[in-house]
Amino acid sequence: DQGAQAACALGNVKMVKYLASKIHANSRKYEHELPSLYFTAKTLRESALYEEAKDCSLGVLRNLGQHVVTLMNNDSLVTRIQKTKSMLVILDDAAILSMKQVEEDRVIWTMKFYLELIYTLQHMQSSKMVTISIQMMDMTLNNGLCCTSPLAFAIFGYLIVSLGDPFLGYRMGKLAINLMRKLDLVVDLSSTLTSIVYGLISWAHEPFQSIAEMHLAGHSSGNQSGDVSAAGWNYQQYLILSFVSGEKLPTVKSKALSFAKTQLAQKQKPVAYNALSIYFHSCALMGSCPDKSFQLKEDDILAHAIGASNSDLQVVYIIHQLMRSYVFKRYDEMAKNANSFHEMANSRKLIRFFFLIGTFYEGLISFSMARRTPGTDDWMERGNAAITTLSQWSSFCMHNFENKVLLLKAERNFAIDGDAGNTDSLYRDSINSARQHKSANEEAIACELAASFYLHNNDTETAISLLTKARNLYQTWGAVALVEIAESKMDPWSMLFGNNNI
């Protein structure tokens with residue numbers, strides 16, 4: 001077992017498998033094989049051999065008498081979720097923290113393999129994490145606490161947030177952190193728990209900027225503990241949040257490329273390709289060419305995502321295409337990308353904050369298309385749906401979503417009636433909200449769209465003032481390509497004859 005653990009730390013798949021086979025041949029009880037099988041599954045996952053890792057964990061769980069349900073929409077699963085939620089509402093944090101600790105090895109190993117399966121599925125079929133999360137919570141509440149309990153509560157919290165209850169989900173996330181401390185698992189779990197609690201739960205309550213810093217700390221703790229996978233996932237989330245929050249693009253671009261190269265060298269393709277998506281998008285906004293010495297192209301991201309059946313990476317790729325087609329006003333691409341995102345978003349059962357950024361841009365595109373093609377109800381309906389979705393999350397965290405809802409409402413009014421009475425106040429409120437919440441990139445977009453509204457209503461002076469502000473904000477952000485677009489709209493001839501792309 002010690003040899004298998006050492007081989008796992010070195011990422012030596014061949015040696016771990018060899019040692020596991022030797023242990024299997026010489027063990028009298030199945031329980032004696034569990035440590036080596038665990039290190040086998042972990043090494044396969046960390047080597048990005050996800051299908052083998054999944055099969056390994058599933059095989060062990062079957063031998064331990066477990067039956068993994070895989071259908072999210074199963075009626076019995078819905079009932080189990082409600083039952084578990086009801087139990088957690090009754091139990092306060094003190095009661096959970098004082099639960100007895102599990103002593104039976106078989107239960108502990110079952111929980112460990114369920115958790116390992118979750119880690120693997122997040123790269124493959126994240127929706128199936130739901131079933132396993134429920135099973136882990138049931139086992140914890142029925143048997144007591146063990147080394148995996150903090151993660152069981154955190155993953156269940158993510159599920160609850162996705163189902164529209166961020167208050168209970170947030171409580172589960174904070175409880176998970178307290179359990180980690182109580183069970184003296186800070187060194188072992190800090191990085192992994194940070195990636196789940198802050199990456200999948202806390203965005204519904206806390207500012208994106210502060211969550212980014214927590215992920216950076218999680219990256220550091222993961223490197224210190226040797227948890228390469230958790231460290232990488234934390235830094236991936238840090239990059240996404242930094243971009244969304246409006247960190248200077250040259251900095252984001254440089255960090256994303258450096259991180260991607262490191263992860264590719266370590267064969268951590270999922271996080272590497274996520275970082276590359278941010279890198280290529282930053283290049284486009286900056287109007288700069290990607291590094292010619294780097295062999296991978298942007299289209300390789302989508303090809304890898306499809307080939308690996310990584311739906312999360314596919315959505316991330318599409319969202320970046322969606323954002324870019326909108327800010328550059330490529331109308332044919334806008335409709336295509338909005339349709340692709342709409343289809344994928346509707347098929348998802350688990351929510352991540354970046355997907356809501358996609359919903360925001362889908363809403364902006366919908367109202368833009370509705371204004372260009374009057375009388376088409378479909379675009380208006382999709383825009384209204386985006387407002388409904390983001391309004392729900394804004395009621396939980398205004399800091400992250402209020403400005404987006406206000407801007408979408410302003411664009412809806414503009415699409416319905418070019419000079420609607422309160423449209424100007426909605427634009428102003430969105431600009432002020434973005435500034436208050438330190439989202440300079442979205443403040444710039446709001447200024448640019450407000451300028452379009454004022455120009456439509458023949459208020460050229462206000463339009464120029466807002467375009468000047470947008471240009472300056474884009475300049476500060478480092479979005480040189482968008483600076484040039486804003487300046488072109490300030491051209492006197494554009495102002496005189498109108499600009500369909502404004």
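**Cysteines, a core and a few odd residues**

Q: Can we start with the cysteines: is Cys56 buried or exposed?
A: In this predicted model, Cys56 is buried, as its relative accessible area is 15%, and the cut-off for buried is under 20%.

Q: And how many disulfides turn up in the whole structure?
A: Searching the whole structure gives zero disulfides. Cys146, for instance, is in no disulfide, and the nearest cysteine sulfur belongs to Cys147, 4.8 Å away. A disulfide would need the two sulfur atoms to be within 2.5 Å, so that pair does not count as one.

Q: What about Cys146 itself, buried or exposed?
A: Cys146 counts as buried, with a relative accessibility of 7%.

Q: OK, new topic: which residues have the most contacts inside the largest nonpolar core?
A: Those are Trp203 and Tyr361, in a core that has 163 residues. The element that gives the most to this core is helix α19, residues 353-372, which supplies twelve residues. As background, nonpolar side chains in soluble globular proteins tend to be buried together.

Q: What does Trp203 touch, then?
A: Setting aside residues up to four places away in sequence, Trp203 touches a list of residues that includes Val161, Tyr198, Phe208, Ile211, Phe353, Leu356 and Trp393. Arg352 and Asn400 are also among the residues it touches.

Q: Switching to charges, where is Lys253, and what is the nearest side chain of opposite charge?
A: Lys253 lies in helix α14, which covers residues 249-265. Lys253 is buried yet has no salt bridge, and the nearest side chain of opposite charge is that of Asp291, 8.5 Å away. A salt bridge would need the charged atoms to be within 4 Å, so Asp291 does not form one with Lys253.

Q: So which residues is Lys253 in contact with?
A: Apart from neighbours within four places in sequence, Lys253 is in contact with Tyr279, Ser282, Cys283, Met286 and Ser288.

Q: Last thing, the backbone: what is the phi of Lys329, and what is that of Asn458?
A: Lys329 has a positive phi of about 55° although it is not a glycine, and Asn458, also not a glycine, has a positive phi of about 65°. For context, most residues other than glycine have a negative phi.

Q: Where do they sit, and is each one buried or exposed?
A: Lys329 is in the loop between α17 (311-327) and α18 (331-346), and Lys329 is buried, at 11% relative accessible area. Asn458 is in the loop between α23 (440-456) and α24 (460-477), but Asn458 is exposed, with a relative accessible area of 69%.

Key
Residues are numbered from 1 along each chain as its sequence is written. This is a predicted model: local features need pLDDT of at least 70, side-chain atom pairs count only at pLDDT 80 or more; totals for chains, interfaces and linings use all residues. Side-chain values use heavy atoms; hydrogens and water are left out. Buried means under 20% relative accessible area, exposed over 50%, partly exposed in between (1.4 Å probe, protein chains only). Helices (H or I, at least four residues) and strands (E, at least two) are DSSP runs, numbered from the N terminus. A nonpolar core is a set of buried Ala, Val, Leu, Ile, Met, Phe, Trp, Tyr and Cys residues joined through side-chain atoms within 4.5 Å. Contact means heavy atoms within 4.5 Å. Lys and Arg count as positive and Asp and Glu as negative; His and the chain ends are not counted.
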